[in-house]
Number of protein chains: 2
Amino acid sequence: MARPKQSATEITAMRERILNATFELLTQQGLQTLSVRAIAEQVGVSHMTLYTYFENRDAIFYALRERQRGKKHQRRAAQLQEAQSGDPCVVMREVLASYARLAEEHPRLYQFLWVHTAAHATQHHQEHRFACNLNHLAALIEIGVERGFFRQLDPDLAAATVFSFVNGPLILYHSGHLQDRDRLRAIEAEALATALTYLKKKEC
Amino acid sequence: MARPKQSATEITAMRERILNATFELLTQQGLQTLSVRAIAEQVGVSHMTLYTYFENRDAIFYALRERQRGKKHQRRAAQLQEAQSGDPCVVMREVLASYARLAEEHPRLYQFLWVHTAAHATQHHQEHRFACNLNHLAALIEIGVERGFFRQLDPDLAAATVFSFVNGPLILYHSGHLQDRDRLRAIEAEALATALTYLKKKEC
């Protein structure tokens with residue numbers, strides 16, 4: 001008996017499941033050792049089935065990267081909107097805390113993004129990623145200044161400063177200098193509070 | 001005509017010159033490629049002459065490490081004494097600024113000490129070095145708190161916090177994320193000022 005043809009919704013749902021499985025495996029074991037067979041196993045289908053949804057391994061990675069990029073843009077746009085109408089301090093706290101959350105939930109990914117020194121080939125990506133992060137922080141700071149929540153600051157400089165406040169301890173931990181996880185959490189709390197004090201007007 | 005025998009002072013002076021030359025070469029080209037011949041050339045003597053002052057390459061490195069360690073201990077003891085009698089804020093500023101100065105003057109050494117992820121063999125040294133740096137900062141903070149210059153703080157936590165404030169931007173720069181040197185200097189100034197504000201009593 002032939003299987004009934006899948007609807008577009010069913011195809012999209014299956015592709016999502018495959019991308020979720022790939023993301024999961026990537027954060028666990030990195031890119032090098034990740035095979036289509038391993039992804040298919042994680043989803044619970046045969047690897048031949050998987051090829052009906054994606055042409056090859058690269059197509060899966062490409063789709064995953066695009067999906068994650070899209071999600072990030074949506075999240076950032078929502079944060080800027082929230083800062084425009086709500087409390088920019090709350091949004092800033094959320095954004096700054098997200099680095100520690102990423103490092104906690106996906107340590108391998110955090111190390112890949114921020115700790116390991118890049119090879120020449122990925123140096124450009126690394127600079128671009130850093131610039132995107134700083135641009136988002138600078139846009140938030142600009143809104144905070146305009147709306148009178150933050151001090152008069154150079155948004156670009158202040159963005160780099162608060163970025164390094166919260167990521168400094170994380171990088172020291174994930175490069176092996178700082179060993180104690182509880183100590184890291186305590187330092188992160190200090191860094192986050194200090195970053196917000198640095199941004200806010202005194203009367204806040 | 002036989003050379004007159006050297007005095008103890010002359011021998012010490014020559015050993016110092018050799019150690020200075022070795023330090024200079026180490027910071028320029030690292031440990032791997034550094035030969036006794038290269039050191040002798042840098043000093044301006046034959047490598048046979050050099051062997052009358054040191055048994056071998058390892059003996060030079062050992063003497064250099066001991067000398068640098070001794071200098072550091074002396075400097076740190078002097079800083080603690082200065083904090084006891086003078087202004088702890090001034091001493092703290094000096095200590096925190098010294099990381100940026102090291103990174104500026106000896107970028108290869110700074111990268112070796114704080115940026116590159118350690119191999120298992122050097123992991124222990126790395127932890128020890130970090131602990132020594134934090135202990136010194138914590139001792140300074142304790143003096144500052146006792147003498148009423150700094151807020152009531154947990155010295156160990158505050159030490160790790162200010163360490164990561166000033167080293168975060170340096171590590172981001174020396175691992176390739178941050179590219180602009182002038183921007184780094186501006187962030188460092190912000191980080192240093194914020195670290196001191198974080199430590200000091202409000203009435204300062």
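This text looks first at one residue of chain A and then at the contact between chain B and chain A, in a model that is predicted.

A good place to begin is A:Ser35, which sits in the loop that runs between helix H1 (8-29) and helix H2 (36-43) of chain A. Is this residue buried, exposed or partly exposed? With a relative accessible area of 30%, A:Ser35 is counted as partly exposed, because that class covers the values between the limit of 20% for buried and that of 50% for exposed. A polar atom of the side chain of A:Ser35 lies 3.0 Å from the backbone nitrogen of A:Ala38. A:Gln68 is 33 residues apart from A:Ser35 along the chain, and the C-alpha atoms of these two residues are separated by 20 Å.

From this one residue we can turn to the place where the two chains meet. The size of an interface is often given as the accessible area lost when the parts come together. Between chain B and chain A the buried area is about 2,900 Å², and carbon and sulfur atoms give 66% of that area. The contact draws on 34 residues from chain A and 34 residues from chain B. Across this interface the rule finds 0 salt bridges, while 4 residue pairs are found in polar contact, both residues being at pLDDT 80 or more.

On the side of chain B that touches chain A, the elements that give two or more residues are helix H6 (107-115), helix H7 (120-146), helix H8 (155-174) and helix H9 (181-199) of chain B. The largest share of this side, 11 residues, comes from H8(B). Sorted by character, the residues of this side of chain B divide into 17 nonpolar, 12 polar and 5 charged.

Terms used: Residues are numbered from 1 along each chain as its sequence is written. Chains are lettered from A and ligands numbered from 1 in the order in which they are written. This is a predicted model: local features need pLDDT of at least 70, side-chain atom pairs count only at pLDDT 80 or more; totals for chains, interfaces and linings use all residues. Side-chain values use heavy atoms; hydrogens and water are left out. Helices (H or I, at least four residues) and strands (E, at least two) are DSSP runs, numbered from the N terminus. Buried means under 20% relative accessible area, exposed over 50%, partly exposed in between (1.4 Å probe, protein chains only). A polar contact is a pair of N or O atoms within 3.5 Å; within protein, one must be able to donate a hydrogen and the other to accept it, and residues adjacent in sequence count only if both atoms are side-chain atoms. Contact means heavy atoms within 4.5 Å. Buried area is the accessible area (1.4 Å probe) that two parts lose on being put together, summed over both. A salt bridge is a side-chain nitrogen of Lys or Arg within 4 Å of a carboxyl oxygen of Asp or Glu. Ala, Val, Leu, Ile, Met, Phe, Trp, Tyr, Cys and Pro count as nonpolar, Asp, Glu, Lys and Arg as charged, and the others, Gly among them, as polar.
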